[in-house]
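Q: Got a minute to go through this model with me? I'd like to start with its inner spaces.

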Amino acid sequence: MSADNALSALHQRFHTELLRTTAAPASLTTTRPIIGRHTGDDGLPTLAEAEERKAPTLSEQVLDDVRDGRPTPRPKPVGGSGAAGRAATSEEVEVVCDHPYGISWIHRTAGRGPVASVSTDLVAKKDRLAWWAHMSAHEIVPTSLSTGHAHDFHGRAYSMDLTAVRVAEFTMSPLKGRRTPAHIRRHDPDGYQLVLIHDGPLRLEQRRNDSVLDFGDIALIDTSQPFVTDFADVGKLSRLTLMYLPRQALPLPRGKVEELLARKLPARTGTGAMLARFLTGLREHAAGCHAAELPRLGAIGIDLVSAFLATHLATKSHLPAESHRRLLAARIDAFIDQHLGDPELGPAAIAAHHHISVRSLHVLFEQQPHTVSATIRRRRLERCHADLADPRLSDLPIGEIAVRWGFRTTAEFSRAFRTAYAMSPRDHRRQSLTENGAVLALHLASRAGGH
């Protein structure tokens, strides 16, 4: 089966699963709420019309049908009959979560590689919003969703399962979500969601905090407390990265963490910038990771989040010593990558920048596979190795590439390169460009043969 056919079959299975719990009404309003049971105890309007008809709400009906094994009937419009009733038509659907939150629904259904993805592209337009609601209820938490894009909804989600934590990236039409006490009583993973905004302003409410987040801002949400998320419709898709953390994963007092819920936490400097870069680059880098590396990435993510939140609480003393150590190691690792082109980069410069002694730096690297100097040299060689094989840089002299990545002289670079790769830089470039040329020729020939 081809990849496209497999993906099509997967979406058809999603669609079949949805039809067991919901069916699209004949007509929809511009804004239609999805998921959730509106009851008097959750602060939302009750379905008075359903009560007047002495009929169960759709949520109650779906839950009863699922429990009893009966087929679920088509939802009925809320609001009376005739033109006035059609103008007020809306749909309410209860999504029953059927697997533990410790397992990514996207990974369970779309594959178990480091990165799994799903999209509305192969779902019928009339079913896309309901499909997205079903996916998000299982992958994130159940909420009531509404949008002005019921008829042209688009969404794509990527999930990275890092064992201790789960990270997901969402691109979607703007929508509003509301999590109520009723949702929490039925389904609660008992943790936190850290949100990083990439595109589309987001208004967030929780615990009487009301914030507007924009590009580069971070916020924290508690899944065990009601909240509202509302993406502004500014004519483009909304995009965010979300990290789910079990409550016990954060080494910070719960009472302190609650002070930060739904607050705008800028992330353009310090640990915030490091955390944002980590989350933004995770999808690209995690795809090439071995399974054994994923838990380590998850631990780094927890440490970065803990340090970031502690900074905003001014409670760094609450962080365990091991978290401090791993955070410092992550900061040094990023610093080395950013300054490889500086020939002065070395243990003394790194230690001074991070306000530690050179001895402390070497002790920190005792748990790494290479010393400080060996790490710098290896990464410089890796960058040079890649540049020499790049056809776009074939006119750039080898000496310039060496200096570009921090080597002081061509002779020093040539000796280090030959020791690491058992060939000269010139031979590596010639061999790589020849192989790339042969691959390109085969590709062009195959295209010509296809025509």
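Q: Which elements each supply at least two residues of the lining of the largest cavity?
A: They are α6, β4 (166-172), β6, β10 (227-231) and β11. Helices (H or I, at least four residues) and strands (E, at least two) are DSSP runs, numbered from the N terminus. A cavity is a set of points on a 1 Å grid over the protein atoms alone where a 1.4 Å probe fits but cannot get out, and lining residues have an atom within 4 Å of a point.

Q: Anything I should know about the numbers?
A: This is a predicted model: local features need pLDDT of at least 70, side-chain atom pairs count only at 80 or more, and totals for chains, interfaces and linings use all residues. Residues are numbered from 1 along each chain as its sequence is written, and side-chain values use heavy atoms, without hydrogens and water.

Q: OK, which residues are closest to the centre of that largest cavity?
A: I140, M172, T229, F231 and L242, out of 19 lining residues. β10 gives the largest share of the lining, 3 residues.

Q: Switching to S136: buried or exposed?
A: S136 is buried (under 20% relative accessible area; exposed is over 50%, partly exposed in between; 1.4 Å probe, protein chains only), because its relative accessible area is 7%. S136 lies in helix α6 (residues 128-139).

Q: And what does S136 touch?
A: Leaving out residues up to four places away in sequence, S136 touches V141 and L145, where contact means heavy atoms within 4.5 Å.

Key
On a 1 Å grid over the protein atoms alone, a cavity is a set of points where a 1.4 Å probe fits but cannot get out, and a pocket is an open set with protein on both sides within 12 Å along at least five of seven lines; lining residues have an atom within 4 Å of a point.
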